[in-house]
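Trainee: I am new to this structure. Can we go through it in questions and answers?

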Amino acid sequence: MKTQVVIVGGGPAGLLLGQLLHRAGIASLLLERRSGDYVLGRIRAGVLEPGTVDVLEHAGVADRLRTEGLTHDGVEIGYRGTRHRIALKELTGKHVTVYGQTEVTRDLMAARAASGAPSVYEAEDVTLADIGGTPRVTYRHGGKLHEVQCDFIAGCDGFHGVSRRSVPADALSVFERTYPFGWLGVLADFAPLWRELIYAASDRGFALASMRSETRVRCYIQCDLNDSLEEWTEPRFWEEFGRRVGSDIAARIPSVPALEKSIAPLRSFVAEPLRFGKLFLAGDAAHIVPPTGAKGLNLAVSDVFYLYEGLRSFYRGNSASGLDHYSARCLRRIWHSERFSWWMTRQLHQFPGDAFDGRIQQAEVEYLLESRAAQAVLAENYVGLPL
Ligand code: APR
Ligand code: PHB
């Protein structure tokens with residue numbers, strides 16, 4: 001079999017690339033290791049930058065997002081029992097849209113099915129060959145081994161995927177920071193007791209009050225990496241969450257079961273460059289940000305958009321310059337988001353550290369809450385730097 005682009009990974013990055021390519025008349029085969037239901041069962045963040053919404057519009061998958069997405073003109077920072085609003089709209093002229101990544105993925109899957117472009121779910125042992133020359137991808141499906149020849153491979157298979165591992169180790173530079181804590185997240189059905197997201201720093205650790213809709217909340221607390229889900233019963237979670245976000249909210253949290261509960265470690269990670277021969281990495285395959293700031297999906301979307309532009313001008317205009325500049329163009333935006341996510345994580349969590357670091361952190365948050373200029377910096381990054 002032959003195609004123009006093999007897309008490895010059917011998360012939001014791979015699906016979006018496939019949809020953009022389809023609309024540009026470029027053929028792709030998408031290979032996903034898991035089932036579609038498994039992919040849709042993963043709960044991820046849900047804050048879209050305006051630039052992300054523009055790309056989804058361009059891809060023709062924004063109908064439901066336009067009607068069901070929630071427009072948020074601000075976010076709140078909780079600090080020592082008080083809350084301060086960062087007026088995103090006033091400070092930047094822009095807002096963010098709250099719409100779960102699961103829903104973005106669902107819309108993209110529906111669009112791919114409608115387009116008739118081929119996808120193979122539960123594709124096992126995906127292997128990339130000759131990525132520096134005439135690329136081939138093999139995989140196993142339904143007990144058979146398949147081989148596909150292609151012009152390019154898009155490695156959209158997330159942090160644990162095969163694509164990045166297929167690049168010779170000496171051709172990649174890796175930059176990494178791990179954090180000594182995780183986020184315990186709970187998804188639950190009740191009407192949010194907050195109008196906008198609250199990023200709360202407290203002496204007990206960080207907490208985030210988020211939402212998915214008018215009837216569904218998503219909440220997180222900073223936890224120990226060794227904590228187990230069993231020890232965090234729902235009553236214990238809600239009590240701890242309430243203590244961190246503030247007593248007005250704590251008093252009104254209903255006692256409801258969790259629809260989903262998970263612990264995720266926090267990590268900053270970048271692999272450079274994003275291109276090796278005919279292989280292009282995009283999304284979590286190339287970089288990870290800690291979730292503070294909700295940049296993961298937004299960065300995946302900007303990578304994919306740049307890759308789509310590069311491939312489109314290659315096939316239409318016979319110009320390779322978009323592909324040649326792909327890595328540098330992505331990395332510039334990636335590092336700005338890495339910096340912002342690292343900074344927000346640094347300011348709002350409890351770190352084991354010396355007393356000096358603690359005082360600097362305190363001064364930084366106080367400055368943010370007093371200075372309109374500092375708030376403008378946060379707001380500009382939160383709504384997203386231009387694509
Ligand atoms: N072969 C085929 N598919 C694979 C393989 C493999 N060897 N390894 C992983 N995959 C699939 C995964 O099952 C997953 O569905 O690749 C997909 C990668 O999807 P994501 O992890 O969602 O990554 P991405 O599409 O880049 O989306 C980035 O996801 O992790 C969040 O914060 C991140 O919101 C951001 C978004
Ligand atoms: C979420 O709703 O899951 C969410 C929102 C904002 C973040 C991270 C996660 O920064």
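Trainee: Is strand 1 (residues 2–8) largely enclosed by the rest of the structure or not enclosed, and why?

Mentor: This is a predicted model, where local features need pLDDT of at least 70, side-chain atom pairs count only at pLDDT 80 or more, and totals for chains, interfaces and linings use all residues. Residues are numbered from 1 along each chain as written, chains are lettered from A and ligands numbered from 1 in written order, and side-chain values use heavy atoms, without hydrogens and water. Strands (E, at least two residues) and helices (H or I, at least four) are DSSP runs numbered from the N terminus, and buried means under 20% relative accessible area with a 1.4 Å probe, protein chains only. Five of the seven residues of strand 1 are buried, so strand 1 is largely enclosed.

Trainee: Which residue is the bridge partner of V8 in strand 11?

Mentor: Two strands pair if DSSP finds at least two bridges between them. Strand 1 runs parallel to strand 11 (residues 144–155), joined by six bridges. The partner of V8 there is G155.

Trainee: Which residue in strand 2 stands opposite V6?

Mentor: Four bridges pair strand 1 with strand 2 (residues 28–31), again in the parallel sense. Opposite V6 stands L29.

Trainee: At what angle do helix 1 and helix 3 pack?

Mentor: Axes are lines fitted to C-alpha atoms over the stretch in contact, and angles run from 0 to 180 degrees between N-to-C directions. The axes of helix 1 (residues 12–23) and helix 3 (residues 50–58) lie 10 Å apart, and the packing angle is about 45°.

Notes
Buried means under 20% relative accessible area, exposed over 50%, partly exposed in between (1.4 Å probe, protein chains only).
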